[in-house]
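Reader: I am new to this structure. Please show it to me, and then let me ask about the words used for it.

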Amino acid sequence: MLKLLSANRIRLKKSKLFWGGLFVTIGYSMFLLLMNYIEKASYIGNSIMQINWYLLSPFSVISFFCPIFSSIFIGTEYNDGTMRNRLIVGHTRKNIYLANFITVCAANIIITLISSIIIMIFGTLMLGWSMINPMLFLLHYISGIMMLIAFTGFFTLVAMVLSNKTASTVTCIVSFLLSYMVAGVIRRLVFSFYNGESISDVFSDLSSDMVSQPVLEFFYDFIPMGQCLQITSNSVLHPSRLPVYSLLFTAITVVCGILIFSRKDMK
């Protein structure tokens, strides 16, 4: 396992996609800071001063980076024959799978932490240090990292099961976009309860007998994209549930991925 992780670390350091994802995330964060700094300097009055929002907003960019990086980083191993060579020299399929999962997790977390450090430095210089509810923010931030790990669990499964890099990349991106659409619909339905609307007011083909609020809120909290929408908009319904659901989602995808990969025909 250590040899696999060491080899992946070297690949990660040389990965242009990884560095590109890091710079894009930092650029996005700096853009948000700059736009709000200009609004503050212009006395428009609607700039966001709390550092909480800037530290949580990059999770949306990193979430989109995850399916692209997972599929290409792992798919390259199939294309180059690295996956077969690792099996030939005696590495177990379980260790190969876990090494790739850990590496992609590490890539996402590194980008998150570096972006956060830069945001804290420049955000403090440009807008001052203002944080609301530090303990609640910390819970949201940890939930965001756990959410990225849950995303990684799913996209690692797809990339390890599909040998073709193009097919896995397309599947991961389409899955991400579909989950965004589904989470958006669930979000609309969930908030219809809080806004005093009925489900039929939002979607005429649905009724309260078909879907209940607890079920909708469970899926909104459970799926990683639902968590992403909550965290980046700073509107988390059940903060203590998200890390637990992420851990459960990750465990399910990793176990299923290992079982499927262990039976995969490596022709």
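Author: The turns below take up those words.

Author: This is a predicted model, where local features need pLDDT of at least 70, side-chain atom pairs count only at pLDDT 80 or more, and totals for chains, interfaces and linings use all residues. Residues are numbered from 1 along each chain as its sequence is written, and side-chain values use heavy atoms, with hydrogens and water left out.

Reader: How many helices and strands are there in the chain?

Author: The chain has twelve helices and zero strands. Helices (H or I, at least four residues) and strands (E, at least two) are DSSP runs, numbered from the N terminus.

Reader: Why is Ser 115 called buried?

Author: Buried means under 20% relative accessible area, exposed over 50%, and partly exposed in between (1.4 Å probe, protein chains only). Ser 115 has 1%, so Ser 115 is buried. Ser 115 is in helix 6.

Reader: What does Ser 115 touch, not counting residues up to four places away in sequence?

Author: Ser 115 touches Thr 25 and Ile 26. Contact means heavy atoms within 4.5 Å.

Reader: Why is Ile 121 called partly exposed?

Author: The relative accessible area of Ile 121 is 46%. That value lies between the 20% and 50% cut-offs, so Ile 121 is partly exposed. Ile 121 is also in helix 6, residues 93-127.

Reader: Which residues make the nonpolar surface patch?

Author: Ile 117, Met 120, Ile 121, Phe 122, Leu 125 and Trp 129 make the patch, of about 620 Å².

Reader: How much of the chain is buried?

Author: Buried residues are 45% of the 267 residues.

Note on methods: Patch = residues over 30% accessible without salt bridge, like charges linked within 9 Å, V, L, I, M, F, W, Y side chains within 5 Å. Areas by Shrake-Rupley, 256 points an atom, 1.4 Å probe, with all protein chains shown as cover. Salt bridge = Lys/Arg side-chain N within 4 Å of Asp/Glu carboxyl O.
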